[in-house]
Amino acid sequence: MSKRKKTIKQVHYKVSITGLQVPKGAIAFSALRRIIDILSDGSERALRLALEGGSVKKGPIPTWLAKSTDFILTGMRPGSTILELGVPTLGEIASEQIQQQDLWNTVPQPEETALTLLSKSIIDAEKEDLESERYDSGILETLLGFKKILEDNNLNIRLTSETRKQDNFKIDNAALQKIEKLKIETPEPQAVLLTGFCNMIKHSQRRFDLTLEDGRTVHGKIDEKAIALEQLRNLWGKKVTIKGIIYFTASKKPRLLEAQIITPSQIGDEAFKAINLSLPTMEIVSKVREKSNKKIVSDIWGKWPGDENVDDLINALKESRNSD
């Protein structure tokens, strides 16, 4: 007797599309493909942002992420063109990932979907909420893919669900103008070298807080491909130097520090305390040079970001000081 295939719990959505320059109820294949691609890619990035801290990552897409955004087109209705989608719940596809609760990240709920998270991203963007952590430059970039379609057709795209009323959004030219403005205002991720005290490490989540000398705290996450969890155990509560990538909100505040290298702080690291995390890269360079030995900083800055080891950078700093 054959086993019955498990039914995956789904949420059903309707994507209503009006303003198409085609007969009523029809849609050009090129427009359909573009809309589906943007919804899928945007949902993938929104889910990745919620669970991994950044919407864009290098390397292969995890299986749970690919399955979470593998939407099923269950039907099309005439009138204003309506696409009917079946989207798996995160409890069905990414249960292990969403069960990993932590102290400062709001993890999605089992009954939510990847489209739930995209909806939240779009709603916050339309509100022009500069402090929101539900979108980043990667999500905004994906949503701007609608711009070409809307300019050509004066489209209005709306998402609704009978069972999840809160999952809804509308994309039109007014919304895209706000999204484009936010994209300009949101700093791109930047490479940084920071010194501070490492605390609140959660081994299961690869999370930590870095407390800077001015009292500010930056939420952090280790790059699991570059740093072993065991390496963190000896750094709890100690002063460290971290090389990594900093992600920002639209208000230019640091949202997440992804650590690629963590080493115990050494003499000479103080040159990196002056970095103002809310400033663009060129301003950071300027501020560090104002508050540090100009020759020392110029000797080091041209060598990083790159593939150099932090120890090499610190040694270069020491050698520059000794030669003065």
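The following is a short conversation about how the terms used for this predicted model apply to its residues.

Reader: What kind of model is this, and how are its residues numbered?

Author: It is a predicted model, where local features need pLDDT of at least 70, side-chain atom pairs count only at pLDDT 80 or more, and totals for chains, interfaces and linings use all residues. Residues are numbered from 1 along each chain as its sequence is written, and side-chain values use heavy atoms, with hydrogens and water left out.

Reader: How many helices and strands does the protein chain have?

Author: It has 12 helices and 10 strands. Helices (H or I, at least four residues) and strands (E, at least two) are DSSP runs, numbered from the N terminus.

Reader: How do you know that the span of α1 agrees with its number of residues?

Author: The expected span is 1.5 Å times one less than the number of residues. For the 24 residues of α1 that gives 34 Å, and the end C-alpha atoms are 33 Å apart, so the two agree. Just after α1 comes G53, with a positive phi near 95 degrees.

Reader: Why is R48 with E52 called a salt bridge?

Author: The term asks for a side-chain nitrogen of Lys or Arg within 4 Å of a carboxyl oxygen of Asp or Glu. The closest N and O atoms of R48 and E52 are 2.8 Å apart, so the pair qualifies. Both sit in helix α1 (residues 29-52), 4 residues apart, which means about one helical turn separates them. A search of the whole structure finds 14 salt bridges.

Reader: Why is E112 called buried, and K120 partly exposed?

Author: Buried means under 20% relative accessible area, exposed over 50%, and partly exposed in between (1.4 Å probe, protein chains only). E112 has 8%, so it counts as buried. K120 has 25%, so it falls in the partly exposed range. The side chains of these two residues meet in a salt bridge, 2.8 Å from N to O.

Reader: What makes E112 part of a network?

Author: E112 also forms a salt bridge with R164, the closest N and O atoms being 4.0 Å apart. That pair links distant parts of the chain: E112 lies in the loop between α4 (95-98) and α5 (114-126), and R164 in the loop between β4 (156-160) and β5 (169-171), 52 residues apart. Salt bridges with shared partners join E112, K120, R164 and D167 into one network.

Reader: How do you know that β7 and β8 pair?

Author: Two strands pair if DSSP finds at least two bridges between them. Here 5 bridges join β7 to β8 (residues 217-222), so the condition is met, and the strands run antiparallel. L210 stands opposite V218 in β8. The two strands form a hairpin with 5 residues between them, and G215 in the turn has a positive phi of about 95 degrees. Of the 5 residues of β7 (residues 207-211), 4 are buried.

Reader: What makes a set of residues a nonpolar core, and which members of the largest one touch the most others?

Author: A nonpolar core is a set of buried Ala, Val, Leu, Ile, Met, Phe, Trp, Tyr and Cys residues joined through side-chain atoms within 4.5 Å. In the largest, with 49 residues, F146 and I171 touch the most other members. The largest share of this core, 10 residues, comes from α1. A second, separate core of 18 residues includes L194, C198, I227 and I262.
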